[in-house]
Amino acid sequence: MTFLREKRAIFSDLSLRIPKGKITAIMGPSGTGKTTLLRLIGGQLKPDQGDVVVDGHSVPSLSRKQLFELRQRMGMLFQSGALFSELTVFENVAFPLRVHTKLPEDMIRDLVLIKLESVGLRGARDLMPSELSGGMSRRVALARAIALDPELMMYDEPFVGQDPITLGVLVKLIRQLNDALNMTTVLVSHDIDECLSIADHVCVLSGGKVLVQGSPEEILQSDLSEVKQFIQGLPDGPVPFRYPANDFAEDILFAGKDGVAG
Amino acid sequence: MFGWLQQIGHRVLSIVAGLGRSAQLLLAALMGLGYVLKNFRLLIKQVYVTGVLSIAIIGVSGLFIGMVLGLQGYSILVDFGAEDALGQMVALTLLRELSPVVAALLFAGRAGSALTAEIGLMKATEQLASMEMIGVDPVKRVIAPRLYAGIIALPLLCILFSIIGVWGGMLVGVEWLGVFDGSYWGNMQASVSFTHDVMNGVIKSIVFAFVVTWIAVFQGYDLEPTSEGISRATTKTVVHGSLAVLGLDFVLTALMFGDF
């Protein structure tokens, strides 16, 4: 699959298979298109070439109606949580149940409370999203994402900016949810320790291609210098840390000549 | 050498592309009528937000404009001994022109800008994207109820503007300046035609409501999801909305009241 953004290739001939029923971690440096990949799987973006197939359905060629039907079997946890700001925590989690099912109100209530209890926020049901901390927002968003028991669950950077307690809870929750609901999980992150601790399958992306994929052990033992640099967090290596620029000394000494420093 | 030509071409192409996207959004939102009727509470809520919450500004503006018309009209008409025609002048000015136009301009400033900012923030905080991923079409759920609510709310606000304006004119003309109230109301009743004046004014406000709300929801839906993008889009809603109202007012006036 190839995907371009303003003529720049985010992915070029990317080929990736996500095993059913397992946790697949998509890792890679910032700007490699990890979130874009999730949006391509969810059909929010269309590839310029190639195909994205989810459970036998070619996502880019689905009609709008078919795509929305397929999305009812998917769940996605956004980096920001993306809770509906005008609804309470309870109503946020109840939202997918109300729009996609005809369940009676008391059953919706029970289901919402079960989902909220699973993320430890049953007591916060009457709060508004603006009253929640970042970690709590993400947990409510997780409860909402699993409200319809999706077959495919996608997490976009779930560990970013979380305190150690929330981080530990999230890692445990992702594993438990995957196993209990027998779902397929795609986890996009660059938190190496957390990813490698729960993933069954890991895929490292860089430069629009898959560098390496396999079990966490295979990734740790990889000889590829890009993978080693990423896993060990080294600034120098094949993956450039610095944005391309002219010579630093020249930039300092001749400051002002190009009008930048006055 | 041809840099400026390239820039003009780029600008024209982006305007045409924007018009295309706005037409697509409008069509999709209009097609969401079934969804809106099925989820009637969404529409009621938006009518409250865009309409009921605009009543104060519309009411106060209507009152002052009516009072100014009463005062100005009296000072001109009294020179010709025609102050008895004050009611007729106030009513026709309001019904035909001022109510639809001023109500639409105020609506663009209060409700239109709020719509753009709200939808824009929903986009910037990924609420629209998450709604899509839940399997709910944001055009039907978010855009369509707001579009229909605007089309319902503004004509009602326009009628309210006229009523309060006529009362404001009466307050100044009759109560303060001593115009005979029988001639104020009687001349108004004799000269105002329901189909020609009242209905044409309402038709104008329906057209303005459609255009202003369309601009507002499109600017919100299409903006760049940054704080600067939201600020630019909100400004565009008010500027484009106001210009569209004034331009369309001339066209509609020519069609409705022009003798050709």
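This report describes chain A and selected parts of chain B in a predicted model.

## Chain A overall

Chain A contains ten helices and ten strands. Its C-alpha trace spans about 70 × 45 × 35 Å along the principal axes. Of its 262 residues, 47% count as buried.

The accessible surface of chain A comes to about 13,600 Å². Carbon and sulfur atoms supply 52% of that area. Contacts in chain A between residues at least 6 apart in sequence often reach further along the chain: 62% of them join residues at least 24 apart.

## The six-stranded sheet

Chain A holds an open sheet of six strands. The order is β6-β7-β8-β3-β9-β10, and the pairing is mixed. Strands β6 (74-77) and β10 (209-214) of chain A form the edges, each pairing on one side only. From one strand to the next, the twist averages 15°.

Several neighbours in this sheet run parallel. β6(A) and β7(A) pair in the parallel sense over four bridges. One partnership here sets Leu77(A) against Tyr155(A) in β7(A). Five bridges then join β7(A), residues 152-156, to β8(A), residues 184-188, again in parallel. Tyr155(A) stands opposite Leu187(A) in β8(A), and Leu152(A) has Thr184(A) as its bridge partner in β8(A). On to β3(A): four bridges link this strand to β8(A), and the two run parallel. Ile23(A) stands opposite Thr185(A) in β8(A).

## Buried strands

Five of the five residues of β8(A) are buried, so the strand is largely enclosed by the rest of the structure. In a regular strand, side chains alternate between the two faces of the sheet. Both faces of β8(A) are covered. Thr184(A), Val186(A) and Val188(A) lie on one side, Thr185(A) and Leu187(A) on the other, and all are buried.

The edge strand β6(A) also has buried residues pointing both ways. Met74(A) and Met76(A) point one way. Gly75(A) and Leu77(A) point the other way. All four are buried, although β6(A) pairs on one side only.

## Helices on the sheet

Helix α1 of chain A, residues 34-41, lies across five strands of chain A: β3 (23-27), β6, β7, β8 and β9 (201-206). The helix runs at about 155° to β7(A).

Helix α5 of chain A, residues 134-145, packs on the sheet as well. This helix touches β6 and β7 of chain A. Its direction makes about 175° with that of β6(A).

## Positive phi in two loops

Most residues other than glycine have a negative phi. Asp55(A) departs from this, with a positive phi near 50°. Asp55(A) sits in the loop between β4 (53-54) and β5 (57-58) of chain A. Its relative accessibility is 43%, so Asp55(A) counts as partly exposed.

Asn182(A) is not a glycine either, yet its phi is positive, about 50°. Asn182(A) lies in the loop between α6 (164-180) and β8 of chain A. How accessible is Asn182(A)? Its relative accessibility is 63%, so Asn182(A) counts as exposed.

## Chain B: a surface patch and an enclosed helix

A nonpolar patch lies on the surface of chain B. Its members are Phe2(B), Trp4(B), Leu5(B), Ile8(B), Val12(B) and Val16(B). Together they have about 630 Å² of accessible area. Leu5(B), one of them, belongs to helix α1 of chain B, residues 3-30. Leu5(B) counts as partly exposed because its relative accessibility is 43%. In an α-helix there are 3.6 residues a turn, so residues three or four places apart point the same way.

Helix α6 of chain B, residues 127-134, presents another picture. Eight of its eight residues are buried, so the helix is largely enclosed by the rest of the structure. Buried side by side in sequence are Gln127(B), Leu128(B), Ala129(B), Ser130(B), Met131(B), Glu132(B), Met133(B) and Ile134(B). Gly135(B) follows α6(B), with a positive phi near 95°.

Notes:
Residues numbered from 1 in each chain as written. Chains lettered and ligands numbered in written order. Predicted model: local features only at pLDDT ≥ 70, side-chain atom pairs only at ≥ 80, totals over all residues. Heavy atoms only, no water. Patch = residues over 30% accessible without salt bridge, like charges linked within 9 Å, V, L, I, M, F, W, Y side chains within 5 Å. Areas by Shrake-Rupley, 256 points an atom, 1.4 Å probe, with all protein chains shown as cover. Salt bridge = Lys/Arg side-chain N within 4 Å of Asp/Glu carboxyl O. Buried < 20%, exposed > 50% of the residue type's maximum accessible area, 1.4 Å probe, protein only. Pairing = 2+ DSSP bridges. Axes fitted to C-alpha atoms, helices over the stretch in contact; angles between N-to-C directions. Contact = heavy atoms within 4.5 Å.
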